[in-house]
Amino acid sequence: MASKKSDNRSELFAKYPNLYDKISNSDMDACMAFSEEYKAFLDKSKTEREFTDNGIEAAESLGFKDIESKKKLKAGDKVYSSIKGKGLILAVIGKKGVKEGFNILGAHIDSPRLDLKPNPVFEDNETVYFKTHYYGGIKKYQWTTIPLAIHGVVYTKDKVMHKISIGEDESDPIFYITDLLPHLGSDQMKKSASEFIPAEDLNVVVGGIPFNGKNEDKSKEPYKEAILRFLNEKYGIVEKDFVTGELEVVPAVKARDVGFDRAFIAGYGHDDRVCAYPALMAILEQEKPEKTCVTMLTDKEEIGSYANSGAQSALYENFLMEIVAKTGDGSLDMLQFRKVIAASKMLSTDVSAAYDPKYASVYEKRNSAFMSHGIKLEKYTGARGKSGTSEATGDFVAEITSVFAKNNIPWQTGELGRVDAGGGGTISAFMAKYGMSVIDAGVPVWSMHAPYEVISKIDLYYTYLAYKAFIENI
Ligand code: MN
Ligand code: MN
């Protein structure tokens, strides 16, 4: 069948305008209000564990229950499951049950950072340091000379979890990685940026006052001992307990507005919490959707989605199986389950690079996402000849753009950057292998993977509306 001819020039040509240029006053107010809520959530969710805890707290306050506590599920029921405390999956059961598949939003809640090594504490020239191992793709030099905080958990041998969060409160100390003064940096400055701060130099300063300053009690490492004693007193841990540690060194910065007009937000971990937050909000607002809606917030995406909390973990799949079983007679037919998954539709809600005119040479302008032009639909990611990509099918792209059109959701498209300039991937490939329809759709970011990244408020707001429109209407 031939589609309708278009005599309208504005329809004939593709245009992806700046959304601040045409936003209504009421949408602008809603956009600014949503941004404030996002910044507050980001500031208290600097690790995957904190995001999970805060997500569960928000969900429970709206009536979500741990799926374990439910024997049967019916339309309107709201359930969640914590994935090892580092990932979260939530669902609201739809009127149509599950036969037609799930509508899924999938983001990740881990971000690039420095993890403490299992044996991190050492003393060198009267200073105490923590050794770190970087997590995810970082430019190592960006992590020196900025205020750092330490967040995470340590277990003592009695298996008690001790939470640590230090460096965020105004009265807290912060931690710090030194760099060389320019006066003595002429050799350093000749090295390439990937070499001049070696990974093993990412040592965090954590102390400098010795135990028993008067030296009556002879300690071989008085500075280290002082810190170990402090940690023991405050958290009840000893040096060996660090082996259990999931301690993350993150920037001790709060999310702040950028620009006189406050168009943008700078923050740590926009990748991918700027998609995870609206994906969480979209599911929390569902009461009795048509189809069963799911938001999955995964861990370990930055290092390949492995481990029992990454998107490749069967725990996410188990939750969906449990829904299929508990909305039926309690049993699970594997073929039926596979068919439900194959009928499911998913937005892989991850960020992408925003065109940066400073670095124009790595972008192809006709196929780039621009700040403030809305959610970016990315038909494929990958590297070189589309290696590693999960390419969405054309009919699925059409289905989404038609839902967006009906709900007045502006969107843009593009690739990550120029072909052969580099590349990247998301969790979409792991879902597509089950036959699920999946496409990447998220917020464009400047300075992605830097300690302090930038997004546009209007992209965040329309992304949230896009996620809602998707799970309610697809
Ligand atoms: Mn990401
Ligand atoms: Mn990333």
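Trainee: Which residue bridges the manganese ion (ligand 2) and the manganese ion (ligand 1), and how far apart do they lie?

Mentor: Start with a donor shared by two metals. Here Asp271 bridges the manganese ion (ligand 2) and the manganese ion (ligand 1). The two ions lie 3.3 Å apart. Keep in mind that this is a predicted model.

Trainee: What coordinates the manganese ion (ligand 2)?

Mentor: List the donor atoms, then place them in the chain. For ligand 2 they are Asp271 (OD), Glu302 (OE), Glu302 (OE) and His449 (NE2), at 2.1 to 2.5 Å. In sequence, the spacing of these donor residues reads D-x30-E-x146-H. Asp271 sits in helix α6 (residues 270–284). His449 is in the loop between β21 (444–445) and β22 (453–456). That pair links distant parts of the chain, 178 residues apart.

Trainee: Are Asp271 and His449 buried or exposed?

Mentor: Asp271 and His449 are both buried, with under 20% relative accessible area.

Trainee: Which residues coordinate the manganese ion (ligand 1)?

Mentor: Read the second site by the same steps. The donors to ligand 1 are His108 (NE2), Asp271 (OD), Asp350 (OD) and Asp350 (OD), at 2.1 to 2.6 Å. Their residues are spaced H-x162-D-x78-D. His108 lies in strand β4 (residues 102–108), and Asp350 in the loop between β14 (345–348) and β15 (352–353), so this pair ties together parts that are 242 residues apart in sequence. His108 is buried, and Asp350 is too.

Trainee: Now the cores. Which residues have the most contacts inside the largest nonpolar core?

Mentor: In soluble globular proteins, nonpolar side chains tend to be buried together. In this model the largest nonpolar core has 59 residues. Leu90, Leu280, Leu297 and Ile400 have the most contacts inside it. Take Leu280 as one case. Leaving aside residues up to four places away in sequence, Leu280 touches Phe41, Phe51, Gly55, Leu90, Thr295 and Leu297. Another core, of 31 residues, lies apart from the largest one. Among its members are Val121, Val128, Ile227 and Phe242.

Trainee: How many residues line the second largest pocket, and which lie nearest its centre?

Mentor: With a pocket, check volume, lining and chemistry. The second largest pocket has a volume of about 600 Å³. Its lining has 21 residues. Lys15, Pro17, Ile409, Pro410 and Trp411 lie nearest the centre. The elements giving two or more residues to this lining are α1 (9–12) and α9 (394–406).

Trainee: How do the residues of that lining divide?

Mentor: The lining of the second largest pocket has 13 nonpolar, four polar and four charged residues.

Key. Residues are numbered from 1 along each chain as its sequence is written. Chains are lettered from A and ligands numbered from 1 in the order in which they are written. This is a predicted model: local features need pLDDT of at least 70, side-chain atom pairs count only at pLDDT 80 or more; totals for chains, interfaces and linings use all residues. Side-chain values use heavy atoms; hydrogens and water are left out. On a 1 Å grid over the protein atoms alone, a cavity is a set of points where a 1.4 Å probe fits but cannot get out, and a pocket is an open set with protein on both sides within 12 Å along at least five of seven lines; lining residues have an atom within 4 Å of a point. Grid points are joined across faces, edges and corners, and a volume is the space filled by probe spheres set on the points. Helices (H or I, at least four residues) and strands (E, at least two) are DSSP runs, numbered from the N terminus. Ala, Val, Leu, Ile, Met, Phe, Trp, Tyr, Cys and Pro count as nonpolar, Asp, Glu, Lys and Arg as charged, and the others, Gly among them, as polar. Donors are N, O and S atoms within 2.8 Å of the metal (3.2 Å for Na, K and Ca); water is not among the atoms, so sites may look incomplete. Buried means under 20% relative accessible area, exposed over 50%, partly exposed in between (1.4 Å probe, protein chains only). A nonpolar core is a set of buried Ala, Val, Leu, Ile, Met, Phe, Trp, Tyr and Cys residues joined through side-chain atoms within 4.5 Å. Contact means heavy atoms within 4.5 Å.
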